[in-house]
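Thanks for coming. I have one structure to go through today, so let me put it on the screen.

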Amino acid sequence: MVHPLSTPLLAGQRRALAKAITLVESTRPEHEREAQALLAEVLPRAGQSVRVGLTGVPGVGKSTFIEALGVRLADAGHRVAVLAVDPSSARTGGSIMGDKTRMPRLTVHPGAFIRPSPSGGALGGVARRTRETIILCEAAGYDVILVETVGVGQSETQVAAMTDLFVLLTLPNAGDELQGIKRGIMELADVCVVNKADTNPAAAVRAQTELRAALTLLTPHGAPWRPTALRASALTGEGLAQVWDAVESYCAQVDVQEKRRAQTTVWFDELLREAAWRAFQARLDPARVQALRADVAAGRLTAVQGVTALLQPDAAP
Ligand code: GDP
């Protein structure tokens, strides 16, 4: 059976795409089943895009940067989808602080599609829906997918696990900035961009140099891609072409399809672990778990003995 949204979605109709995303975001079981059927139908048509993750502290200029880059790419004939992962909006269940007003020019561009972060549910749920939204956007013909992390420091790993490459925006005052950037986030970055280079060109050059040194230290020998550090101004547009050149070089040098296969496998295993845990948990007797936990806490059993007892109810120690 062909889902009614399938044909208009594959024809690139935005309304169908928006509705399909709403279906994917729904937590109602019948919607979930429907969404999975639709995703399975359109999956063979997905995958033809470059998936770029973007992060940076609030105020670094992410919205301005995505808007400037997005308009540039859409003007050049690309179809650009902008998605956001925002765990804070997930937590408050709410307000998706107007992505549309954050990117006014891109919002009205016929070649662009902007979707705010889904609200409700834990970060894991938001990440899952964003993955599925990427598939839908690709099936609708979007060939550049920009996934922005809006939250602070929680969603980067998830976004890096669903994109081909990861762009980290920083500020010209690199000394201060480097201290603020967690090492883990630097390790995820394939392209670092010192944004707002127009505000202090000399500081931006220093920041770039420091970033280059840091990236060299972090990059393992023989890695297929050496992360780069660039300078740009989202406000004036300077340096944006070089950023896109770096994205294209990355795609030419790294086996993106292989990376995606690895990402999907990890994702499958993660879902399997979650599902297995839920299924197992449903069969546990809470009173018995409680009693064993107390035994372990009191030192009457080792933790391993406690868990073994739960897994083999007949072999109680
Ligand atoms: P976000 O919180 O990371 O999304 O940051 P915004 O895109 O909202 O930008 C924060 C502020 O920095 C806004 O007032 C922007 O106009 C400004 N801004 C962003 N990029 C640049 C830039 O390259 N140069 C200058 N001078 N200002 C910028």
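I will take the ligand site, then the salt bridges, then the aromatic pairs.

Before anything else, please keep in mind that this is a predicted model.

Let me start with the ligand. There are 16 residues around the ligand, and the ones that come nearest are G59, K62, S63, T64 and D198. By class, that shell is made up of five nonpolar, seven polar and four charged residues. Which element gives the largest share of the shell? That is helix 4, residues 62–75, which supplies three residues.

Now the individual contacts. G59 uses its backbone: an N or O atom there sits 2.8 Å from an oxygen atom of the ligand. A234 also uses a backbone N or O atom, in this case 2.9 Å from an oxygen atom of the ligand. With D198 the side chain is involved, and one of its polar atoms lies 2.7 Å from a nitrogen atom of the ligand. As for how much of the ligand is covered, on its own it has 580 Å² of accessible area, and the protein covers 70% of that.

Next, the salt bridges. Side chains of opposite charge can pair when their charged atoms come close. The structure holds nine salt bridges, and I will show three of them.

One is between R260 and D164, with the closest N and O atoms 2.7 Å apart. This pair joins distant parts of the chain, since the two residues are 96 residues apart. R260 is in helix 14, residues 256–283, while D164 is in the loop between helix 9 and strand 5. Are these two residues buried or exposed? Both R260 and D164 are buried.

Another is between R278 and E274, where the closest N and O atoms are 4.0 Å apart. These two are both in helix 14 and four residues apart, so about one helical turn separates them. R278 has a relative accessible area of 51%, so it counts as exposed. E274 is at 41% relative accessibility and therefore counts as partly exposed.

The last one I will show is between R300 and D295, with 2.8 Å between the closest N and O atoms. R300 is exposed, at a relative accessible area of 57%. D295 is partly exposed, at 22%.

That leaves the aromatic pairs. How many does the structure hold? There are three, and I have details on two.

W225 and Y250 form an edge-to-face pair, with 5.3 Å from centre to centre and 75° between the planes. Here too the pair links distant parts of the chain, with the two positions 25 residues apart in numbering. W225 belongs to the loop between helix 12 and strand 7, and Y250 belongs to helix 13, residues 240–253. Both of these residues are buried.

The other pair is W277 with F280, and it is tilted: 6.2 Å centre to centre, with 45° between the planes. Why are these two about one helical turn apart? Because they are three residues apart in helix 14. W277 is partly exposed, with a relative accessible area of 46%. F280, at 25% relative accessibility, also counts as partly exposed.

To close, I would leave two pairs on the screen. R260 and D164 form a buried salt bridge, and W225 and Y250 form a buried aromatic pair. In each case the pair links distant parts of the chain. That is what I have.

Methods
Residues are numbered from 1 along each chain as its sequence is written. This is a predicted model: local features need pLDDT of at least 70, side-chain atom pairs count only at pLDDT 80 or more; totals for chains, interfaces and linings use all residues. Side-chain values use heavy atoms; hydrogens and water are left out. A residue is near a molecule or strand if one of its heavy atoms lies within 4 Å of it. A polar contact is a pair of N or O atoms within 3.5 Å; within protein, one must be able to donate a hydrogen and the other to accept it, and residues adjacent in sequence count only if both atoms are side-chain atoms. Accessible areas come from the Shrake-Rupley method with a 1.4 Å probe; for residues, only the protein chains shown count as cover. Ala, Val, Leu, Ile, Met, Phe, Trp, Tyr, Cys and Pro count as nonpolar, Asp, Glu, Lys and Arg as charged, and the others, Gly among them, as polar. A salt bridge is a side-chain nitrogen of Lys or Arg within 4 Å of a carboxyl oxygen of Asp or Glu. Buried means under 20% relative accessible area, exposed over 50%, partly exposed in between (1.4 Å probe, protein chains only). Rings of Phe, Tyr and Trp (its six-membered ring) pair if their centres lie within 6.5 Å; planes under 30 degrees apart count as stacked, over 60 as edge-to-face and the rest as tilted.
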